[in-house]
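Visitor: I am new to this structure and would like to be taken through it slowly. Could you show it to me before we begin?

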Amino acid sequence: MDSAQEDASSTDVFLVTANVGSLFEDPERLLQLWLSEFLAKIARAQPRFLALHLQEVGGKTYEKSMEYVQEFIRCLCDAPEMGDFTCVHIFMDEDFKSAEHFTALGSLYFVHKDVDSLKIWNFLTHSWEESLQDIKDKHIYSGNIETIATKEKSKFPQHFFPECKWSRKGFMRTRWEINGTVIDLVNIHLFHDASNLAACENFPSVYCKTRRRALVHTIERFHLDEQNGTVPFFLFGDFNFRCDTEGVVKELTENLTPHRVQNVKNENDKIHYRNSTGNNVLTVGKKEFSHADHQLKFKEDWLKKFDRELEPLKDVLVEYPIKFVPSYPFEEDPEMPTDYMSTRCPAWCDRILMSPQVNEIIQGDDWTYGMIGEAVCMGDHKALRIPQLSRSYRRAWRTW
C-alpha cells in the first residue's frame, strides 16, 4: 500500500440519485419536466464530474417503455447544458427478459472537458483502462450489459427477497480515478415495504431487516474483494429506508382509539385511529397511510427522529446531515408537486452515503445535500444530489 502525495487540483463533483420508474409510466407529462429541472441544476452548478444513478429505469412495464428510455438518454446527452461534457459513460441494465440479472439500474457518468486526468477501472483485468483518448469519448452500454468489464453489477440472491418474488433489486459499481483521486461509485436499489400493517408491527420490521441484510452483503462483498482492492466509496440510490413505522404510529395515535376494519380476503384490512369525537385522524392499511393533516404533518421536524435504519451501520456508512423533507412518496401529478400520496408513511428512501474513508479525500465543507425539484413533479421520488461536493481533492490511498 502506498499513498500518493497531495495535489492542489480542484474537482467539483455532482452526485445525483433518482428513482425514475414513474417517469416512464407517464412519459408525456413527466419526462420533460424531470429533464428540465435536472438540466437547470447542472447549468447552475457547472460540475466537472457528474454521476447520475437511476433506479427502476423503464418503470413497471419495461417492455413497453424501451423507446422512452432511449429518448431520455438522447435528450440528456444532446442537451446544450451537457455540451462541455466530452466524456460519457452510460450503463443501462435493460435486459428485462433475464430474471437472473435484470436490475433496471442505470448509471450515467459525464466528465467535463477540463478534467485533466481520468481513468476507469476494468473489473475483469483488475486494472485501469489506460487509454485516455478511448476513455474520453461517448460510451453507451444498454440492453444486456453483463459482459461490460468497466462495471460490476449484481442482483441480490433470490433468498434475500422478502416476498419470494425475484424483483429488480441489486447494485452496480464503477471505479474512477479523477485528477489523481480514486473512488468507487455504487448505484443500489433495496427492497420496499410491501405492507404498512406488517411494517408497523415492530421495529426493526421484517422489511428493514431484509434491507439491512442486503446492504451488509454488499459492503462485505467490497471489503472482501481482494482482486480489485478497497477504495473509498459513495453508495447512492434508492435504499427504500423507511421510518420506524411502529414508533411513528405510536407518536401519532397517543390519545386516539384504534378501530380495526377487516375484510374477508384480508387484503383491505385497515385500522382507523379516531379522536374523542369519532373522527378519523390516521388510517393504516396494507397500502394506505393517511393522516388528517397529511400534507403538513410529515414535513415537520419530529419525523426525523424515526429515521433509524442506518443506526446499526453508523461505523461503516456516513452521511451528511439531512435538512430536507422526506423524498417519498410524492404525488405523480404535475399539479400537486409538493404533496405526498397517502399510500405510505413519508420517508427518506433516497440517500447518498459514503464510507468513512471518504473524509480522507475531501477537504473543505463546500457541499449541499438536498433535493432536486422541490416545487416540480419529479415522479413519486424526488431526486437527491450533493453538488459541489469537493473543491479540493487529495489523492486516495491505493490498496490494490
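The conversation below turns to strands, a helix that packs on them, and cysteines.

Visitor: In what order do the 7 strands of the open sheet stand?

Guide: This is a predicted model, and in it 7 strands form an open sheet whose pairing is mixed. From one strand to the next, the twist averages 20°. Read across the sheet, the order of the strands is 8-4-5-3-2-20-19.

Visitor: Which strands stand at the edges of that sheet?

Guide: A strand at the edge has a single partner strand, so one of its sides is left without a neighbour in the sheet. That describes the two strands that cover residues 138–141 and 370–372, namely strand 8 and strand 19.

Visitor: Which residue stands opposite Phe-85?

Guide: Strand 4, which covers residues 85–92, pairs with strand 5, residues 106–112, in the antiparallel sense and over 7 bridges. Across from Phe-85, in strand 5, stands His-112.

Visitor: What angle does the direction of helix 2 make with that of strand 4?

Guide: Helix 2, made of residues 62–78, packs on the sheet and touches strand 3, strand 4, strand 5 and strand 8. Taken against the direction of strand 4, the direction of this helix makes an angle of about 165°.

Visitor: Which residue takes a positive phi in the hairpin of strand 14 and strand 15?

Guide: Strand 14, residues 270–274, runs antiparallel to strand 13, residues 257–261, with 5 bridges joining them, and His-259 stands opposite His-272 in strand 14. Strand 14 is also joined by 5 bridges to strand 15, residues 280–285, again in the antiparallel sense, with Tyr-273 opposite Leu-282. The hairpin of strand 14 and strand 15 has 5 residues between the strands, and the residue there with a positive phi, near 90°, is Gly-278.

Visitor: Why is the sulfur of Cys-87 without a bond to the closest cysteine sulfur?

Guide: A disulfide needs two cysteine sulfur atoms within 2.5 Å. Cys-87 is buried, with a relative accessible area of 1%. The closest cysteine sulfur to that of Cys-87 belongs to Cys-77, and it is too far for a bond because the distance is 11 Å.

Visitor: How far from the sulfur of Cys-349 is the closest cysteine sulfur?

Guide: Cys-349 is buried, with a relative accessible area of 0%. The closest cysteine sulfur is in Cys-243, too far for a bond, and the distance is 8.5 Å.

Visitor: How many disulfides does the count come to?

Guide: A pair of cysteine sulfur atoms has to lie within 2.5 Å to be counted. By this rule, the number of disulfides is 0.

Conventions. Residues numbered from 1 in each chain as written. Predicted model: local features only at pLDDT ≥ 70, side-chain atom pairs only at ≥ 80, totals over all residues. Heavy atoms only, no water. Pairing = 2+ DSSP bridges. Helix = DSSP H or I, 4+ residues; strand = E, 2+ residues; numbered from the N terminus. Axes fitted to C-alpha atoms, helices over the stretch in contact; angles between N-to-C directions. Contact = heavy atoms within 4.5 Å. Buried < 20%, exposed > 50% of the residue type's maximum accessible area, 1.4 Å probe, protein only.
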